[in-house]
Amino acid sequence: MTTPLLLGLLAGAILSGTSLLYATLGETIVERSGIVNLGLEGLLLVGASVGFSVTAISGNPWLGLVAAAAAGALVNLALGWLVVTRKANQLASGLAMMFFGFGASALIGAPHVGAVIRGLPKWRPAWLADLSWVQATTLFKYDLLTWLAVPVAGFVWWLLFRTRWGLGLRAVGENPNAAFASGRDPGVFQYQALCLGGVLGGIAGAHLSLSLTGTWAEYMTAGRGFIAIALVIFSKWDPVRVIVGTLLFGGAEALELQLQARGSLISPFLLEMFPYLLTIAVLLAWGGSRRLAAPASLGRTFYGSS
Amino acid sequence: MPEAAVIATFRNSDAVRAAARFAGVSAVALLVFALVLLAAGKDPLSAYAQTFRHTLASSYGFSELLVRMTPLLLAAVAVALPSRLGLINVGGEGQLYMGAFAASAGVFLFPGAPAWLLLPLVVIGGFLGGAVWAAIPGALRAAKLVNETVATLLLNYVAPLIVGYFIFGPWRTTENSAYPESSPYPPAAMLPNLFGTRIHAGLLIALAALAVYWVLMEKTRWGIEMRAIGGNPEAARRLGIAVPVWIVAALAIGGGFAGLAGMGEAMGITGRLRQTLSPGYGFAGFLIAWLAGGRPLGILFMSFLFAIITAAGDTLQISQGLPYAVVNILLATILFVVLASRGGWGVSR
């Protein structure tokens, strides 16, 4: 029985959108504190390779997931040391971390290329499994990370917009001098945001290797980190809108796979371009009008209150 | 002059300070990377010794460094030129592939043409391929629609797919080849080699590009206008400088240089179009330009240093059995040390 195209698309969008969602949420928190992390691509690779290697050694994907989250936090703390403590240029620091991620992930993953692992367990609630239109798809047969994707986005929104900490964080991203004057240390908030963003980025990478593909390959993130950075702009630095954005891009990837699986005559090379071109098209359509939504001090270094 | 004063003057001279900084940064980076190699179960001393033997210690090794330096120089100028306007071009990798692609298109359109026609054709094609590819984000930025950093990064992933489409499709070699590549170029399309080594005419093109960059920036009215935009775009606009035109032009010229790097790799080294043309020369170009603060001599020096680093990557891969990508850790370490020690080599922050 063949699956209807739309159902297949939705199912695929949710599966491949999950890691994009965690990555974009992490970058949203970091950018809300006024820091652009261009090294997200490297962070995802570190998460994917650490998660896969620890799982391959220990046989326990949960251990791999925790290790990936911890490694992600560590990578981002190193970035924090550069841009917060040493007040270095954010773009160059981000690219330094990107290169570090390229190299470190290759080194960490090398002994485990081709290893077979038991990925994160997936389950489908019994009452949904009985529906015939569900059975033919991957719908509702998710691992914990996919089940938690929407709640986590809601939690990040609550954290940013409904807590004192979130207010402080956003204040730091908008105007660190004013935040400093009101008794908040911008550096502390930025380190906290980077740590949280690193955990989410590490999880995002681990989802790629532990659930979506179940393998490790060098450069396997294939630009997802950069797509996530573009998605932050698309979703106006709002965690709830991130859900829409990641579904759209997960859908673009799913469309590519669905067309290939259905024996489309379009070259796979052209289909693979689709997510990147769609990202640019989306920024083209909405990016210009969204600049005002950006945290006002995004990318600037806080040199202390004068 | 008392001796102490002489020493003080000596110590304060810019060149000496730069050299001292460079030595310090290199030492720390090599030390940190040695720890990484140790952690990977390799002997850092033998890895460093092997790299030295394969590069600086032999005339063949040295000529190979100049071969590697060729694309790095061009990729660095591709970043440095737009950066004078405050534009961040992180799309060198894609522009490089599009240059090689356009040059190849020229060759495959006129395969029987003589060398005096084909060589100018591949040079122009290489430049145009990269220039058009960079002009896209340039136009989007000039129209204030999309940030050029994000757009150039994303286009890096599209360009190799275009190359892939053609080498798996219309240009696919008919020979029984181990991996996907195009048919070989006719000998007339290949850049001439120099000194009987693998060094090819691309090196002269790269040095010329660096000279053009220096003259354009320091000696012409255009350079002044571009630096004015980089300093204060609003003031430049009020002075009557056509800011959007310059944004597109600077990125296009930069992209053209990166395209020439790709052309040089294809027409100077591989002799065919491949999807594995560049091991990250485009990104390395960004780092070179940034570390050199955009200064021509600095770019020359840093390109040479990066040539040694990429050679180290080969050594790690071939004789130490580590993935080539591991050399990125060394790159990151160097950057990390420079970023963490304030001031850089006069790098503006």
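**Contacts, helices and burial in a two-chain model**

Me: In chain B, 75% of the contacts with a separation of 6 or more are between residues 24 or more positions apart. What makes two residues count as in contact?
Reply: Their C-beta atoms, placed from the backbone, must lie within 7 Å. This is a predicted model, in which local features need pLDDT of at least 70 and side-chain atom pairs count only at pLDDT 80 or more, while totals for chains, interfaces and linings use all residues. Residues are numbered from 1 along each chain as its sequence is written, and chains are lettered from A and ligands numbered from 1 in the order in which they are written.

Me: Why is A:T246 called buried?
Reply: A residue is buried if 20 or more other C-beta atoms lie within 10 Å of its own, exposed if 12 or fewer, and partly exposed in between, with C-beta atoms placed from the backbone. A:T246 has 29 such atoms within 10 Å, so it is buried. Leaving aside neighbours within four places in sequence, A:T246 is in contact with A:G17, A:L20, A:L21, A:T24 and A:L231. In chain B, buried residues make up 50% of the 349 residues.

Me: How many helices and strands does chain B have?
Reply: Chain B has 14 helices and zero strands. Both are DSSP runs numbered from the N terminus: helices are H or I over at least four residues, strands E over at least two.

Me: Why does the radius of gyration of chain B agree with a compact globule?
Reply: The rule, over C-alpha atoms, is 2.2 Å times the number of residues to the power 0.38. For 349 residues that gives a value near 20 Å, and chain B has 21 Å, so the two agree. The C-alpha trace of chain B spans about 70 × 60 × 35 Å along its principal axes.

Me: What span is expected of helix α3 (residues 61-85) of chain A?
Reply: The expected span is 1.5 Å times one less than the number of residues. For the 25 residues of α3 in chain A this is 36 Å, and the helix reaches 35 Å from its first C-alpha to its last, which is close. Just after α3(A), A:K87 takes a positive phi of about 55°.

Me: How many residues of chain B are in contact with chain A?
Reply: 34 residues of chain B are in contact with 36 residues of chain A. The largest share of the chain B side, ten residues, comes from α7(B).
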